[in-house]
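Let's take a walk through this fold, going from the overall layout down to a few individual residues. Keep the viewer open as you read.

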Amino acid sequence: MNSLASRVMGFLLVGLSIPAFGQSNAPLDCAAIATPNQKVDEDTIRRIEQGWLTAEYRGNPQFLQCLLEPDYRTSGRSGQIRSRQDVIDHVPVTTDLSREVPKLETIVILHGNNATAHSIMRTTDKSGNPKEVHFVDAYTFHDNRWYAYSGGDL
């Protein structure tokens, strides 16, 4: 291989080891990403639920990486089971910050360091017709913050 070809090949190999734009191999600072001032109370769970929806609308998968337990699972209305990674990968990369995030109505049931949240999102479909989306999330409190371990779309 001539000198120019070997330099080009070396450049290409180095380029392959560089993370994609915007990605980092550094660990997430979940204390900075997570919902602030978490307590074992209903208000915190409501704020986390709204934060989760906001993360999905604003393209912030890091919020879910910090919120969801490693073995998190959720079920859909069709019976399909999705993993933590499936949920995180579903968050679109978006720069459309003008899209309104619907306000949730959330009923919270606390039981010690566990909580169940039933949230209702009122929005419109693509045709502009009103629709309601219901979902349930189960949380556990440890290491000074809440983590989701299960969910279901109703």
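What follows starts with the chain as a whole, then turns to one helix, one tryptophan and one cavity.

First, a caveat: what you're looking at is a predicted model. The chain has five helices and six strands. Read from the N terminus, the order of elements is α-α-α-α-β-β-α-β-β-β-β. Of its 154 residues, 32% count as buried. If you like contact maps, take the contacts with a separation of 6 or more: residues 24 or more positions apart make up 51% of them.

Now find helix α3, which covers residues 42-58. Its 17 residues reach 24 Å from the first C-alpha to the last, close to the 24 Å expected at 1.5 Å a residue. Which residues of α3 are buried? They are Thr44, Ile45, Ile48, Glu49, Gln50, Gly51, Trp52, Leu53, Ala55 and Tyr57, so besides the likes of Ile45 and Leu53 you'll also spot Glu49 and Gln50 on that list. As for partners, these buried residues pack against helix α4 and against strands β1 (68-75), β3 (104-111), β4 (114-124), β5 (130-142) and β6. Just past the end of α3 sits glycine 59, with a positive phi of about 70 degrees.

One of the strands in that set of partners, β6, is worth a stop. It spans residues 145-153 and is home to tryptophan 146. Is this tryptophan buried or exposed? Tryptophan 146 counts as buried because its relative accessible area is 0%, and the cut-off for buried is under 20%. Its side chain has a polar atom 2.7 Å from the backbone oxygen of lysine 39. Along the chain, tryptophan 146 and leucine 68 are 78 residues apart, yet their C-alpha atoms are separated by 9.1 Å.

Last, the empty space. The structure holds one cavity of 30 Å³ or more, and the volume of the largest cavity is about 40 Å³. What lines it? Ala34, Thr35, Gln38, Ile48, Phe63, Cys66, Leu67 and Arg145 do. Sorted by class, that lining comes to five nonpolar, two polar and one charged residues. Helix α4 (residues 61-67) gives the most, with three residues. Two of the other names tie back to earlier stops: Ile48 in the lining is also among the buried residues of α3, and Arg145 in the lining belongs to strand β6, which runs over residues 145-153.

Technical notes:
Residues numbered from 1 in each chain as written. Predicted model: local features only at pLDDT ≥ 70, side-chain atom pairs only at ≥ 80, totals over all residues. Heavy atoms only, no water. 1 Å grid on protein atoms, 1.4 Å probe; cavity = no way out; pocket = protein on both sides within 12 Å on 5 of 7 lines; lining within 4 Å. Points joined across faces, edges and corners; volume = space filled by probe spheres on them. Helix = DSSP H or I, 4+ residues; strand = E, 2+ residues; numbered from the N terminus. Nonpolar A, V, L, I, M, F, W, Y, C, P; charged D, E, K, R; others polar. Buried < 20%, exposed > 50% of the residue type's maximum accessible area, 1.4 Å probe, protein only. Polar contact = N/O pair within 3.5 Å; in protein donor to acceptor, adjacent residues only side chain to side chain. Expected span 1.5 Å × (residues − 1). Contact = heavy atoms within 4.5 Å.
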